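This briefing concerns the structure shown below. It covers cysteines, the sheet, helix packing and model confidence.

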Amino acid sequence: MQKKLFSELGLAPELLKAVARVGYEEASPIQSQAIPVLLGGADVFGQSQTGSGKTAAFALPAIQSVDPAVRAPQVLILCPTRELAVQVAEEVAKLAFFKRGVRELPIYGGQSYERQYRGLEAGSQIIIGTPGRVMDHLERGSLRLDKLKMVILDEADRMLDMGFVDDIRTVLSKTPPERQTVMFSATLPAAIRNLVEDFTHEPVHIRIEDQALTVPDIEQLYYEVDRRAKVEVLCRLIDLEDFKFGLIFCATKMMVDELTEHLSARGYAADKLHGDMSQAMRERVMARFRKHAVEFLVATDVAARGVDVDDIEVVVNYDLPQDNEDYVHRIGRTGRAGRHGKAITFVSSREFRKFQYMLRAIGGKVARGRIPSAEQVEQKRTDAFYDLLRETLDAGEYKRHDEFIEELLDQGRSSTDIASALIHLAGDADKPRHNGGAPATAAHSIEIPRRESRREDYAPRFERPEPRYSDEARPEAIEFQKKKREKRVFDEKPKKNAKRHNDDVTPFSHEPDMVRLNFNAGRDRNITPGDIVGVIAGAAKIQKSDIGAIRLLAKASYVDVRKQQAAHVLEKLQGISFKGRKLQVTLAE
Ligand code: ADP
Ligand code: MG
């Protein structure tokens, strides 16, 4: 199905800006077809599956049609339920963000009339309501439709199923005859056909066919994950399955940026592709991905179109794809050339309904996955370490420390004690060793000890029998417990000494409360001070005011940070990917 750019549809600049801000990269098929027709003024009857983007398809032309100078209802959107009315109102608000003087107002049963009167009196131009409550306001005289230009029936078939047919007919008959009429419905039963006949004028019928799909033969799993737990769950799956090469899809550029940052901060070699990047940048990223210098490529659908790599192990739908077709395109990136591939889809509560529709179209070949517990991941790390230890012993390729060990044995310590202590040290190498008495920053205070937080917050939540669950705020605590991966922990090499560059700078910072850190990246990487502030603020979540002077050298940089934050910054930034290299931060002596 052909999709178009939003800029090709005749939308005003302020709406294009809003679309970009929301992060939609291109118009969905129903949007591509309906928007130009609606902007042209014709009535439309539209049929397309759930999740295909109908809201923006009618909301954008509706917003464009509003004259901000007229403070009276100009657009009426009828929705079957209050939840939908609220959702549509939210989308309208987002899309009208840059159009000044446009106000939207949801009106639905259960909310006080007072508030709704106030909104109506304030001159809201776009009214989004359930038929019953709209009828009430019409009868009370608080809602006047004489200035109405456009009426939209969203999910018309559902409204009829819910018995709103008489209300709808009454409301429609009270709107000016020259208004534009838009109806959207997933199905076209006789009752809808009658409505269309009675209330539209030469409607353009737009139907987006469900795609006939051939799903590649790869293992598909879905996980029910609350929005805010996605990062953590993703990392667990990567660690447990030991994925080393994957493509991760997000819905918007913003999400791509965010997730890439989170993954980098957790020590994965992640990079991104999205529409805001120049062609040259994208090619550079692609080249590094192809060479496996990037383990995980985070991308939007559009940007990923050019990704043509054969050996991708796993495709992750971090956000649900826009439609079934996109789903198939996405997962088709793995399991190529006869290889085994895996597709993982995260479904949040908000997306569950949409996903159920998708599952039906995809043919139920997607199994439900269980989120691994922190203990499982931990166990896996331990096992991997034992294996590594055995290999190393077998190969005999390690420096001997006989004298030191003899000394310990002479002191009466057993060999098993010594070895256990060493394993303990190796396994704990990623835990913060010191925090320098740092006061809790905003980021610090949300972290609670890792074990407790994980066990409590995960296990029960995902075992709910009902697919519907709330998306309410989860405890901040679980957010982003950063952890490095097992292989980084065990591979850790002694840090390079910062002294090399010391001839170039005074040893200590000028500001009394600051210490100087050495970054292994400088002008050779086209780094700006802004990049450095960005990476520190992003990964260590400290205030800009805690960052002092920054000095760029040829191949390194000196960065002053507040003394109390230094240990934290050192820990959080170590090993994350920064300007195409693994960052090493040391204390400049
Ligand atoms: P429908 O009403 O057809 O069921 P919605 O309008 O509710 O679908 O849209 C479904 C989801 O897709 C929403 O989360 C919405 O934000 C998102 N969406 C809509 N249009 C686009 C687009 N052009 N690109 C990306 N996501 C989109
Ligand atoms: Mg809808």
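**Structural briefing**

Zero disulfides are found when the whole structure is searched. The model is a predicted one, and the mean pLDDT of its chain is 80. Seven strands of this chain make up an open sheet with parallel pairing.

**Cysteines**
- Cys79 has a relative accessible area of 0%, and because buried means under 20%, this residue is buried.
- Cys235 is likewise counted as buried, with a relative accessibility of 1%.

**Sheet**
- The strand order in the open sheet is β3-β4-β2-β5-β6-β1-β7.
- Strands β3 (104-107) and β7 (204-207) form the edges, each pairing on one side only.
- On average, neighbouring strands of this sheet are turned by 15° against each other, direction ignored.
- Strands β2 (residues 75-78) and β4 (residues 126-129) run parallel and are joined by four bridges.
- Leu76 has Ile127 in β4 as its bridge partner.

**Helix packing**
- Helix α3 (residues 54-65) lies across four strands, namely β2, β4, β5 (150-153) and β6 (180-185).
- The direction of helix α3 is at about 170° to that of β5.

**Confidence**
- A pLDDT of 70 or more is reached by 83% of the residues in the chain.
- Residues 429-508 have pLDDT below 50.
- In the model, this stretch, 429-508, has 159 contacts beyond near neighbours in sequence.

Technical notes. Residues numbered from 1 in each chain as written. Chains lettered and ligands numbered in written order. Predicted model: local features only at pLDDT ≥ 70, side-chain atom pairs only at ≥ 80, totals over all residues. Heavy atoms only, no water. Pairing = 2+ DSSP bridges. Helix = DSSP H or I, 4+ residues; strand = E, 2+ residues; numbered from the N terminus. Axes fitted to C-alpha atoms, helices over the stretch in contact; angles between N-to-C directions. Contact = heavy atoms within 4.5 Å. pLDDT = per-residue confidence, 0-100. Disulfide = S-S within 2.5 Å. Buried < 20%, exposed > 50% of the residue type's maximum accessible area, 1.4 Å probe, protein only.
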